[in-house]
Amino acid sequence: MDFATLIGVVAGVTLVFFSIFNGGGGSTFLEINSLLIVLGGTLSATFINFKIKDVLGVFTVVKNAFANQEVVYHQILEEMVNLSMIARREGILAIENAAEDLDDEFMKRGLLLSVDGLEPEMIRNIMESEVNSLEERHGRGQQIMKSMGTYAPAFGMIGTLIGLIKMLQTLDDPTQIGAGMAVALVTTFYGALLANLLFLPIAGKLETLSEAEVGQREMIIEGILSIQSGENPRVIEQKLNTYIPPKMRSDKSVLDKARDTEDVKAAA
């Protein structure tokens, strides 16, 4: 569970509704018809704009915004350097067994392609095509959420116009104007709240997560091609370190840690 997303949603909803109900008068904001106009209109417009399977699939994508996405930069770096040391000592074919034991299917496929002897450019094209497909899938979910963030305020205004029209029909009773205006504006409130507290922030979170995953996969591609070309493990480590944000980089290199481990084993 990603507590940042959960805390943001819960805190936002709590503060808004505390402001509403503090001091009374909160019942004015509870308008089922207004909520139906905003949600129903937003979903209807979304179904018109996108394919039904994409709209239904976005609910699965939204779960990623609340899932705890593990940062695996250091794991990728360590695995790539270790594999490069094996390839350096025993040859590229020796990494096949190690590749089979990997949990990351993307990395496994790339390494097996290099073991099969494909040209580096071909491997890059195959793996980058997969990354592009990933970006496209993620981008579709982001686009749907951004569209819903655009539609919600618009349908809020439509609901407000409907309320104002109904209110104008009762101008002969001035005592009803204030209440009618309040009900009309509640629909705009719902549209703005859903767009700015739910749809648009989730779209932004999905975009951030997608960028991180794409960056990790680009790091894997670079590592695999470097291993295939027979580069020095220390050079590979320095190259892959450029993909890791400076604040997240380890003070001690993977090679030094491996050497320390070997020294401990030798001493034992």
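A residue is called buried here when its relative accessible area is under 20%, exposed when it is over 50%, and partly exposed in between, with a 1.4 Å probe and protein chains only. By that criterion, 35% of the 268 residues in the protein chain are buried. This is a predicted model, in which local features need pLDDT of at least 70 and side-chain atom pairs count only at pLDDT 80 or more, while totals for chains, interfaces and linings use all residues. Residues are numbered from 1 along each chain as its sequence is written, and side-chain values use heavy atoms, with hydrogens and water left out.

The protein chain contains 10 helices and zero strands, where helices (H or I, at least four residues) and strands (E, at least two) are DSSP runs numbered from the N terminus. Its radius of gyration, taken over C-alpha atoms, is 27 Å, well over the 18 Å that the globule rule (2.2 Å times the number of residues to the power 0.38) gives for 268 residues, so the chain is more spread out than a compact globule. Along the principal axes, the C-alpha atoms fill a box of roughly 95 × 40 × 25 Å.

Turning to the surface, the protein chain exposes about 15300 Å², of which carbon and sulfur atoms supply 60%, the areas coming from the Shrake-Rupley method with a 1.4 Å probe. On this surface L43, F47, I52, L56 and F59 form a nonpolar patch with about 470 Å² of accessible area together. The elements that give two or more residues to the patch are α2 (32-49) and α3 (52-66); α3, the helix in which L56 lies, gives the most, with three residues. Such patches are made of residues with over 30% relative accessible area and no salt bridge (a side-chain nitrogen of Lys or Arg within 4 Å of a carboxyl oxygen of Asp or Glu), with nonpolar side chains (Val, Leu, Ile, Met, Phe, Trp, Tyr) joined within 5 Å and like charges within 9 Å.
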